[in-house]
Amino acid sequence: MIDRRRVITAIAAGAALPLTARSVFAQAAMSRMTAYGFSFQGLKGGDIRLADFAGKPVLVVNTASLCGYTPQYAGLQELWTQFRERGLMIIGVPSNDFGAQEPGGASDIAHTAEQTYHVSFPITVKTSVKGPNAHPFYKWAAAERPADLPSWNFHKYLVGRDGHIAEAFSSRIEPTDTRVVTAVARALTA
């Protein structure tokens, strides 16, 4: 039988923790999760469930259509073409969080990604990647890698086969950079 006094005492003790201690506890609980517990709404409908790619490396990239880094779509497509048959998944996550460089709707995003850069990997709906309204994946990623937060468009998180972040790459690092290619190849053989 449950001892109600113990339960009430435990709840009261947790509520009495300072905000920072509760935040640390919440971050610890969040970090035990894996990326495979999250999903994104797809640009063309439906959900992009990371669980569908469990055991495979996934590169999650926050994108924008009007950014100086937007040509990285071409490099992402090249990486996708090179490694998708071996199991790599790439997911583009359009975001208007940095410089308001993704102001359009779904048709504008699709036009840039698919018509201009011939992207064939999945793209999500426009999503917040920072701050209190960040998508749960990005909140989890912040707990996993607090020193590797997106600071601009085209930040890249490489999720390893174990569902945890294996590497993070800043916007300045091209998807075809040797560091990214090597990390992807390593994740595929892990």
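These legends go with a set of close-up views of a predicted model.

**View 1. The whole chain, before we zoom in.**
This predicted chain has six helices and six strands. Reading along the sequence, you meet them in the pattern α-α-β-β-β-α-β-α-α-β-β-α. Of the 190 residues in the chain, 43% are buried. Take the contacts between residues at least 6 apart in sequence: 67% of them join residues at least 24 apart.

**View 2. Strand β3, wrapped up by its surroundings.**
Here we look at β3, which covers residues 58-63. Six of its six residues are buried, so the rest of the structure largely encloses this strand. In a regular strand, side chains alternate between the two faces of the sheet. You can follow that here: V58, V60 and N62 point one way, while L59, V61 and T63 point the other way. Whichever way they point, all of them are buried.

**View 3. The two neighbours of β3.**
Which strands pair with β3? One is β4 (residues 89-94), which pairs with β3 in the parallel sense over six bridges. Look for T63, whose bridge partner in β4 is P94. The other is β5 (residues 156-159), joined to β3 by four bridges and running antiparallel to it. In that pairing, V60 stands opposite Y157. Between β3 and β4 comes helix α3 (residues 72-83), and together these three make a right-handed β-α-β unit.

**View 4. E102, a buried charge without a salt bridge.**
E102 sits in the loop between β4 and α4. It is buried, yet it has no salt bridge. How far away is the nearest side chain of opposite charge? That is K126, at 6.0 Å. Setting aside residues up to four places away in sequence, E102 touches T63, A64, S65, P94, S95, N96, I109 and K126. Two of these may look familiar from the last view: T63 and P94 are the bridge partners there.

**View 5. Helix α4 and its two sides.**
This helix runs over residues 106-116. Its buried residues are I109, A110, T112 and A113. Seen down the helix axis, they fall within an arc of 165 degrees, so they line one face of α4. An α-helix has 3.6 residues a turn, so residues three or four places apart point the same way. The buried residues of α4 pack against α3 and β4, while the face turned away from them carries the exposed residues S107 and Q115. Just past the end of the helix, H118 takes a positive phi of about 55 degrees.

**View 6. Two more residues with a positive phi.**
Most residues other than glycine have a negative phi. A100 goes the other way, with a phi of about 50 degrees. You'll find A100 in the loop between β4 and α4, where it is partly exposed, with a relative accessible area of 47%. F154 also has a positive phi, near 70 degrees. F154 belongs to the loop between α5 (136-144) and β5. Is F154 buried or exposed? It is buried, at a relative accessible area of 0%.

**View 7. P175, tucked into a loop.**
P175 lies in the loop between β6 (165-169) and α6 (178-189). With 0% relative accessibility, P175 counts as buried. Its contacts, leaving aside neighbours within four places in sequence, are Q72, G75, L76, L79, K156, V180 and V181. P175 and L59 are 116 residues apart along the chain, and their C-alpha atoms are separated by 9.9 Å.

How values were computed:
Residues are numbered from 1 along each chain as its sequence is written. This is a predicted model: local features need pLDDT of at least 70, side-chain atom pairs count only at pLDDT 80 or more; totals for chains, interfaces and linings use all residues. Side-chain values use heavy atoms; hydrogens and water are left out. Buried means under 20% relative accessible area, exposed over 50%, partly exposed in between (1.4 Å probe, protein chains only). Two strands pair if DSSP finds at least two bridges between them. A crossover is right-handed if, with the strands pointing away from the viewer, the path from the first strand over the helix to the second runs clockwise. Lys and Arg count as positive and Asp and Glu as negative; His and the chain ends are not counted. A salt bridge is a side-chain nitrogen of Lys or Arg within 4 Å of a carboxyl oxygen of Asp or Glu. Contact means heavy atoms within 4.5 Å. The arc is that of the directions from the helix axis to the C-beta atoms.
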